[in-house]
Amino acid sequence: MKKYHNAIVPVVFILPLLFFFIGSNFNRAKYINDPNYIYLMNALCICKGKSVGNIDNPGTTVMQVAAATIAGTHLVSNPEKQPLTDHVIKDPEKFVEATRLIFTLLNSVVLALLGWVVFRKSKSLWAALLVQVTTLLSSNTLDYVWTKLSPEPLLFFITCAFTILIFYFYYEEDKTRWKYVWLFSLVTGAGLATKATFLPLVVFPLFVLPSFKRKMFYLLGTVPAFVLFTIPAITEYKALYYWFRNMFCHSGMYGNGAKQIIDPDTYLPNIIHIIDNNLIIGYILAAGILSLLIFILKKRNFKNRETGFLSGLIATFIFGVLLVAKHYKADHYLIPILLLSGVTIFMVIQIINETFKLKILQKLLLPLTALGFLIFTASVQPRKMEQINLDYKKASEEISSSYQLIKDEYPDYMPVNYYIFSMNKFTALKFGDDFSKARIRNDLKRIYPNTYFYEFSSNQYFKWNEKIELQDIIKQHGKKIILLNGPTDEKTLGEMKERGFPVKQVYHGSSQNLFILDIAEYDE
């Protein structure tokens, strides 16, 4: 039996290896300002010994990992011996890519550890594969985890760690051990410090910890854990409080909209959209609730181990849907609960086996379920991810080709960046600095002194943060002005002309558009 056990252990490393190989070679679009450069510039703040300026998620764990990656990358790859800040500002994409690869590596490792722990605890290869493959069911999850410098890659890591802890606790004979209280507090605090969408997972330990005292200490323990993982944002706690207060009290996105907790006109439709866009959530809730009801009616046992765990997971899913429905914008808000799909399905199978005690079910249900998810993932995800990969590749190639066009045909033109929609280095750096409360602004102005931006919404021109008139830019640099990634709709272009900034298009692509100042139409 031991030889058999050792022989199949390597199987649980297949998916993590594929995850790392595909993820590390996956394309991504360059100079995505939101969210990549928000976290890059705030991580740079940490490297400079400053507090961070952005607390929206709060996302400080992402900034800490990114800061460590920046420091390490600068140490081993700095042939010109530049100061760290200059190195990052001059070549920001190097550090975005390095951080992305670190996240991919961390998540590959935790995915392997997840499979190994589940296999070791359950003695079932199929259980291990089920829990691993269900982390890959959403193309939206893979997109964010492989391509973004954002909370989602770290939420993947933390939620997998949370799942590992669930399995350890599930198979623990002495569930009164205090170490689980502190471990749940620690992981929960890390999750909450990463993004508020982790909040639904807070409820799970309340269903499985064995006493009221332990439940309360668990909740209390999340507070110092949260503080530990948000140390870079301690000076911003007041802003953090108001951010989450407004998010809770207002019905619009990001704390905007009417002063009401829930907008009844959008809340129920959002719940329907969430289930419709993520059918796995509906299936899990239906299967979980049905299996619980059958077990309780048949066994009359409300304190069975599986019922407590499954009840906690179902409550987590329900809370997750209800939370996200308040401000439903995209499926990546659901990543923490989606990543609990595997352990929840495992508990459903355990309940079914415990209810009916049929040998055929006990023998085949778990393997068939795991095999079904493996086949589904292998048949659906490669096609979806290939298209996403090609789209990112095309966007990056277009950015490079537009840069080359400027170099070849407009080398003596002064660029003006259309803020915030340009996909280029300067707009990305300014956007990230704006979300770090201008903590890097002086360095940006020192390294790139003549850098200009046009903001259509306010009809204002900026030299970084300093307001400037178009006439002043022309006085300093002449009428050879090129607008990067300007608007393409005729209405906006017409309004720009009326405002005194007439342009004509010289390059059109799907992600890049270049315009030059129409000198014939320009009225000084």
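**Note on the predicted model**

1. Tyr 31 is a buried residue, with a relative accessible area of 13%. The structure discussed here is a predicted model. Tyr 31 sits in the loop that runs between helix 2 and helix 3. The phi angle of Tyr 31 is near 60°, which is a positive value in a residue other than glycine.

2. On the other side of that loop, helix 2 covers residues 14-24, and Ser 24 belongs to it. Ser 24 counts as buried because its relative accessibility, 19%, falls under the 20% limit. When neighbours within four places in sequence are set aside, Ser 24 is in contact with Arg 100, Leu 101 and Thr 104.

3. Helix 3 consists of 15 residues, and the distance from its first C-alpha to its last is 20 Å, close to the 21 Å expected at 1.5 Å a residue. Of these 15 residues 12 are buried, so helix 3 is largely enclosed by the rest of the structure. The buried residues of helix 3 include Asn 33, Pro 35, Tyr 37, Tyr 39, Met 41 and Cys 45.

4. Two cis peptide bonds deserve the reader's attention. Asp 34 is joined to Pro 35 by a cis bond with omega near 10°, and Pro 35 is part of helix 3. A cis bond also links Asn 57 to Pro 58, with omega about 5°; Pro 58 is located in the loop between helix 3 and helix 4. Just after helix 3, Gly 49 adopts a positive phi of about 80°.

5. The largest pocket contains about 1,400 Å³ of space. It is lined by 48 residues, and those closest to its centre are Asp 56, Asn 57, Ala 196, Phe 244 and Met 247. Asn 57 thus appears in this central group as well as in the cis bond to Pro 58.

6. Which helices each supply at least two residues of the lining of the largest pocket? They are helix 3 (33-47), helix 9 (151-170), helix 10 (178-194), helix 12 (212-229), helix 13 (237-249) and helix 16 (305-326). Helix 13 provides the largest share of this lining, 8 residues. Sorted by class, the lining of the largest pocket comprises 32 nonpolar, 8 polar and 8 charged residues.

7. Helix 10 has 17 residues and reaches 25 Å between its first and last C-alpha, close to the 24 Å expected at 1.5 Å a residue. Because 12 of its 17 residues are buried, helix 10 is largely enclosed by the rest of the structure. Among the buried residues of helix 10 are Tyr 180, Val 181, Phe 184, Val 187, Gly 189 and Leu 192. The buried residues of this helix pack against helix 4 (60-76), helix 9, helix 11 (204-208) and helix 12.

8. The largest nonpolar core holds 127 residues, and Phe 162, Ile 166, Phe 184 and Ile 281 have the most contacts inside it. Helix 9 gives the most to this core, with 12 residues. Residues up to four places away in sequence not being counted, Phe 184 touches Phe 162, Leu 165, Ile 166, Phe 169, Phe 204, Pro 205, Leu 209 and Tyr 218. A second, separate core has 20 residues, including Tyr 454, Phe 501, Val 503 and Phe 515.

9. How many cavities of 30 Å³ or more does the structure hold? There is 1 such cavity. About 40 Å³ of space lies in the largest cavity, and the residues that line it are Ser 402, Tyr 403, Ile 406, Asn 424, Leu 484, Asn 485, Gln 512 and Leu 514. Helix 19 (residues 359-409) contributes the most to this lining, with 3 residues. By class, the cavity lining has 4 nonpolar and 4 polar residues, and no charged residues.

10. Trp 464 is a residue with a positive phi, about 55°, although it is not a glycine. Trp 464 lies in the loop between strand 3 (460-463) and strand 4 (466-468). Is Trp 464 buried or exposed? With a relative accessible area of 0%, Trp 464 is buried.

Technical notes:
Residues are numbered from 1 along each chain as its sequence is written. This is a predicted model: local features need pLDDT of at least 70, side-chain atom pairs count only at pLDDT 80 or more; totals for chains, interfaces and linings use all residues. Side-chain values use heavy atoms; hydrogens and water are left out. On a 1 Å grid over the protein atoms alone, a cavity is a set of points where a 1.4 Å probe fits but cannot get out, and a pocket is an open set with protein on both sides within 12 Å along at least five of seven lines; lining residues have an atom within 4 Å of a point. Grid points are joined across faces, edges and corners, and a volume is the space filled by probe spheres set on the points. Helices (H or I, at least four residues) and strands (E, at least two) are DSSP runs, numbered from the N terminus. Ala, Val, Leu, Ile, Met, Phe, Trp, Tyr, Cys and Pro count as nonpolar, Asp, Glu, Lys and Arg as charged, and the others, Gly among them, as polar. Buried means under 20% relative accessible area, exposed over 50%, partly exposed in between (1.4 Å probe, protein chains only). Contact means heavy atoms within 4.5 Å. A nonpolar core is a set of buried Ala, Val, Leu, Ile, Met, Phe, Trp, Tyr and Cys residues joined through side-chain atoms within 4.5 Å. The expected span of a helix is 1.5 Å times one less than its number of residues.
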